[in-house]
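Colleague: Got a minute to walk me through this one? I'd like to start with the aromatic residues and then wander a bit.

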Amino acid sequence: MAPTTGERFERAVAIMARLRAPGGCPWDREQNFDSIKPYTLEETYEVLEAIDKRDWEELPGELGDLLLQVLFYAQMAKEDGTFSIDQVLDRLSEKLVRRHPHVFGDVKAETTGEVLRNWEAIKAQEKKVTQADAPAGPGVESALAGVSPGLPALLEAGKLSSRAANVGFDWPNIDGLFDKLHEETEELRTELRDYPAPGPQPRGKGIAGSGRAAIPEELRLRLEEEVGDLFFVLVNISRFLALDSELALKKTNRKFRRRFQQVENKLQESGRTARQASLEELETLWQMVKREERAVNK
């Protein structure tokens with residue numbers, strides 16, 4: 001008889017405990033909450049990549065790797081006496097039931113919009129309860145509370161702007177965002193007037209940064225701020241279009257990687273590398289690769 005889902009889960013929990021126990025795996029025993037964090041982020045992106053590729057054979061393995069992170073944290077917490085996987089599962093089940101009263105209760109929600117409004121109302125009520133139980137402190141909790149500064153920058157920007165929009169601080173339409181994009185672009189161009197001659201230049205083929213004009217630190221900080229403002233506007237454009245800016249950029253990164261490697265492959269056929277080709281030849285090959293991809297995808 002095949003094991004049940006619960007039995008399979010208990011086996012995974014037991015394996016994780018064994019790895020952390022005396023006589024277990026030296027590497028697993030050395031890990032802590034901070035050392036595991038980078039792996040959690042890496043595994044998350046690998047899950048997203050498998051989904052983007054529609055790689056259904058690989059996705060179960062990637063989801064298993066992500067689940068391993070949960071089991072790892074829970075086992076370490078159990079050893080510290082703070083919580084265990086039981087509390088994780090209980091909190092999850094309770095939250096799912098509590099935030100779906102239209103399924104587990106008598107609340108009516110027949111559209112996605114109604115579900116989302118109920119969800120936000122329940123979350124707001126949960127925050128009030130949490131604040132009531134917490135020690136008294138000055139001021140009112142910010143609408144941005146709970147958005148972790150440890151998130152990837154694009155993801156953090158999306159969450160911050162969404163929270164602000166929920167309390168009415170938003171552009172009335174996407175045209176306003178394109179106006180803002182133009183405004184921020186012009187502000188960056190204005191700052192570039194102070195850039196040392198002959199102005200920003202590509203790195204070229206030498207050592208990174210060699211031969212480039214040194215710019216004053218104060219100007220560098222101003223340029224960094226303006227470029228950051230441009231990114232923030234683009235994230236908001238993505239939000240208006242119901243797109244995930246982080247995933248959109250990941251897909252563009254993947255597309256660039258694929259196309260550039262195809263350019264390199266074409267050069268390799270003639271016994272050369274990209275470094276040995278002129279910019280004009282690289283651009284010609286790039287356009288050729290784009291045309292070939294479009295022909296295949298038609």
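Modeller: Sure. Bear in mind that this is a predicted model. Let's begin with phenylalanine 72, which counts as buried because its relative accessibility is 2%, with the cut-off for buried at under 20%.

Colleague: Okay, and which aromatic cluster does Phe72 belong to?

Modeller: Phe72 forms one aromatic cluster with Trp27 and Tyr39.

Colleague: How many aromatic pairs are there by the count?

Modeller: The count comes to five aromatic pairs. One of them is tryptophan 27 with tyrosine 39, and that pair is edge-to-face because the planes are at 80 degrees, with the ring centres 5.7 Å apart. Edge-to-face here takes an angle over 60 degrees.

Colleague: Where do those two sit in the chain?

Modeller: Tryptophan 27 is in helix α2, residues 26–30, while tyrosine 39 is in helix α3, residues 33–52. They are twelve residues apart, and the pair links distant parts of the chain.

Colleague: What about tryptophan 27 and phenylalanine 72, what kind of aromatic pair do they form?

Modeller: Tryptophan 27 and phenylalanine 72 are edge-to-face, with 6.5 Å centre to centre and 75 degrees between the planes. Phenylalanine 72 lies in helix α4 (residues 59–80) and tryptophan 27 in helix α2, so this pair ties together parts 45 residues apart in sequence.

Colleague: Is tryptophan 27 buried or exposed?

Modeller: In between: tryptophan 27 is partly exposed, at a relative accessible area of 40%. Tyrosine 39 also counts as partly exposed, at 35% relative accessibility.

Colleague: Switching topic. Which residue lies over the face of tyrosine 45?

Modeller: That's lysine 250, at 4.9 Å from the ring centre of tyrosine 45. Tyr45 and Lys250 also turn up in the lining of the largest cavity, along with Leu48, Glu49, Asp52, Leu247 and Arg254.

Colleague: How many cavities of 30 Å³ or more does the structure hold?

Modeller: One. Its volume is about 30 Å³.

Colleague: Which elements give two or more residues to the lining of that largest cavity?

Modeller: They are α3 and α11 (245–268). Helix α3 gives the most, with four residues. By class, the lining of this cavity has three nonpolar, no polar and four charged residues.

Colleague: And pockets? What volume does the largest pocket have?

Modeller: About 980 Å³ of space lies in the largest pocket. It has 31 lining residues, and the closest to its centre are Glu120, Lys123, Ser162, Arg163 and Asn166.

Colleague: Which elements contribute two or more residues there?

Modeller: For the largest pocket they are α7 (112–133), α8 (153–166), α10 and α11. The largest share of that lining, eight residues, comes from α7. The classes come out as 13 nonpolar, eight polar and ten charged residues.

Colleague: What about the second largest pocket, how much space lies in it?

Modeller: About 350 Å³ for the second largest pocket. Its lining is 14 residues, with Arg91, Lys95, Arg98, Arg99 and Glu126 nearest its centre.

Colleague: How does the lining of the second largest pocket divide into nonpolar, polar and charged?

Modeller: Three nonpolar, two polar and nine charged for the second largest pocket. Both α5 (85–98) and α7 supply at least two residues of its lining, and α5 has the largest share with six.

Colleague: Now the greasy bits. Which residues make up the largest nonpolar core?

Modeller: The largest nonpolar core has nine residues: Leu177, Leu181, Leu188, Tyr195, Leu219, Leu223, Leu230, Val233 and Ile237. Two elements give two or more residues to this core, α9 (174–191) and α10 (217–240). The largest share, five residues, comes from α10.

Colleague: Anything odd in the backbone?

Modeller: There's a cis peptide bond between alanine 197 and proline 198, with omega about 5 degrees. Proline 198 is in the loop between α9 and α10. Arginine 54, in the loop between α3 and α4, has a positive phi of about 55 degrees although it is not a glycine.

Colleague: And alanine 242, what is its phi near?

Modeller: Phi of alanine 242 is near 60 degrees, again positive in a residue other than glycine. Alanine 242 sits in the loop between α10 and α11, and it counts as exposed because its relative accessible area is 72%, where exposed means over 50%.

Methods. Residues are numbered from 1 along each chain as its sequence is written. This is a predicted model: local features need pLDDT of at least 70, side-chain atom pairs count only at pLDDT 80 or more; totals for chains, interfaces and linings use all residues. Side-chain values use heavy atoms; hydrogens and water are left out. Rings of Phe, Tyr and Trp (its six-membered ring) pair if their centres lie within 6.5 Å; planes under 30 degrees apart count as stacked, over 60 as edge-to-face and the rest as tilted. Buried means under 20% relative accessible area, exposed over 50%, partly exposed in between (1.4 Å probe, protein chains only). A charge sits over a ring if NZ of Lys or CZ of Arg is within 6 Å of the ring centre and within 35 degrees of the ring normal. On a 1 Å grid over the protein atoms alone, a cavity is a set of points where a 1.4 Å probe fits but cannot get out, and a pocket is an open set with protein on both sides within 12 Å along at least five of seven lines; lining residues have an atom within 4 Å of a point. Grid points are joined across faces, edges and corners, and a volume is the space filled by probe spheres set on the points. Ala, Val, Leu, Ile, Met, Phe, Trp, Tyr, Cys and Pro count as nonpolar, Asp, Glu, Lys and Arg as charged, and the others, Gly among them, as polar. A nonpolar core is a set of buried Ala, Val, Leu, Ile, Met, Phe, Trp, Tyr and Cys residues joined through side-chain atoms within 4.5 Å.
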